Structure formats: C-alpha cells, structure tokens
Amino acid sequence: MNQIEILQLLWEVFLAGAATTCFALVFAVPKREYLTCGLIGAVGWAVYALAINCGQEPALASLIASIPLTALARFFAIRHKAPVTVFLITGIFPLVPGAGIYYTAYYFIMNDPMLAQKGMETLQIALALALGMTIVLGMPLPKPKKKKSNP
C-alpha cells in the first residue's frame with residue numbers, strides 16, 4: 001500500500017467510527033458509550049478494508065471483520081457493565097450491506113436478472129456477519145474469580 005492508499009484507509013476508518021457514533025446517538029445509546037461504539041465500528045471497518053485490500057471476497061472480509069468486532073463488543077460490554085447489543089448493533093453498522101439490500105430489492109421489483117447475483121452476494125455477507133457474531137458469542141466466558149473472605 002502506498003501513502004495515498006494508507007491515508008484513504010485512515011479516512012475511511014475515521015468516517016466509519018463517526019458514522020457508528022452517529023448511529024449510537026440515533027439508537028439512544030448512553031452518552032458515555034459513544035466513544036466506545038465509535039471505536040468498535042472503526043476497528044470493524046479497518047479489518048474489513050484490510051481484508052478487501054488483501055484480495056478477499058466481501059463475504060469473507062465481513063466474516064473476518066465481524067470476529068474482532070464482536071470480541072471487542074463483548075469485552076466492552078463486560079467492562080462497562082452494559083448489554084452487548086449496545087456495542088454490537090452499533091458497531092456492525094458500517095459492515096451491513098445496505099446498498100446490496102437496496103439493489104436486491106430494486107432488481108426484484110424491476111424483474112432484472114442481476115437479482116440473483118446481487119441477492120446472493122448480499123445474503124453471503126449477511127450470513128458471514130451472523131456467523132462471525134455466533135462464533136464469538138458462542139464462546140464461554142471465563143468464570144469470575146471468587147474473592148477470598150477474611151475471617
């Protein structure tokens with residue numbers, strides 16, 4: 001990657017974090033969690049963009065990005081004593097294939113043969129995101145250490 005590509009990637013990561021923070025605002029996330037939500041969305045987008053730059057397909061890149069994103073969401077949910085959905089729903093926002101969903105619906109309405117191709121790609125991305133979240137959320141949490149009582 002040259003310097004211009006790196007600057008573009010950094011700009012995209014910043015915008016993904018800002019968009020995630022704005023979505024957190026709309027989603028009525030507590031104000032103290034805005035920065036964390038933005039960080040999670042930015043990390044997810046950074047991993048996705050790096051995977052795409054390394055030549056991965058969008059569905060695989062989405063799977064690769066959703067794993068650390070979900071792990072961070074789970075980590076901050078425990079650390080901040082908040083529901084994981086606060087961080088996961090907002091953090092996954094930049095990776096959701098909104099344009100793919102739009103074009104799939106458009107091609108369906110227009111009875112266009114592109115529907116099958118765009119619809120399959122959108123479905124693969126959505127399934128990859130769900131699979132990545134399931135992998136991480138399915139892992140058991142370590143048991144909390146019991147505090148020793150002083151007699």
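1. First, the cut-off to keep in mind: a residue is called buried when its relative accessible area is under 20%, and exposed when that figure is over 50%. Bear in mind too that this is a predicted model.

2. Now the cysteines. Cys-37 sits at 0% relative accessibility, so it goes down as buried. Cys-54 is at the other end of the scale: its 63% relative accessibility makes it exposed.

3. How many disulfides does the model have? The count is zero. To qualify, two cysteine sulfur atoms would have to be within 2.5 Å. For Cys-37, the closest cysteine sulfur belongs to Cys-22, and it is 12 Å away, which is too far for a bond. If you are setting up topology files, then, there is no disulfide to enter for this model.

4. A word on Thr-36, which belongs to helix H2, residues 34–53. Is this threonine buried or exposed? It is buried, because its relative accessible area is 10%, and the limit for that label is under 20%. Looking past its neighbours within four places in sequence, Thr-36 has contacts with Phe-76, His-80 and Phe-87.

5. On to the pockets. The largest one comes out at about 210 Å³. It is lined by 15 residues, and those closest to its centre are Tyr-48, Pro-97, Gly-100, Glu-121 and Ile-125. Two or more lining residues come from each of H2, helix H3 (58–80), helix H5 (98–109) and helix H6 (114–137). H6 is the top contributor to this lining, with four residues.

6. What is the chemical make-up of that lining, by class? Nine of the residues in the largest pocket's lining are nonpolar, four are polar and two are charged.

7. The second largest pocket holds about 150 Å³ of space. Its lining consists of Met-1, Glu-5, Gln-8, Leu-9, Glu-12, Trp-45, Tyr-48, Ala-49, Ile-52 and Asn-53. Helix H1 (3–26) and H2 both give at least two residues to this lining, with H2 providing the largest share, five residues. Sorted by class, the second pocket's lining has six nonpolar, two polar and two charged residues.

8. One thing to look at on screen is Tyr-48. This residue is among those closest to the centre of the largest pocket, and Tyr-48 also lines the second largest pocket. Helix H2 likewise turns up in both places, giving two or more residues to the largest pocket's lining and five to that of the second largest.

Key
Residues numbered from 1 in each chain as written. Predicted model: local features only at pLDDT ≥ 70, side-chain atom pairs only at ≥ 80, totals over all residues. Heavy atoms only, no water. Buried < 20%, exposed > 50% of the residue type's maximum accessible area, 1.4 Å probe, protein only. Contact = heavy atoms within 4.5 Å. 1 Å grid on protein atoms, 1.4 Å probe; cavity = no way out; pocket = protein on both sides within 12 Å on 5 of 7 lines; lining within 4 Å. Points joined across faces, edges and corners; volume = space filled by probe spheres on them. Nonpolar A, V, L, I, M, F, W, Y, C, P; charged D, E, K, R; others polar.
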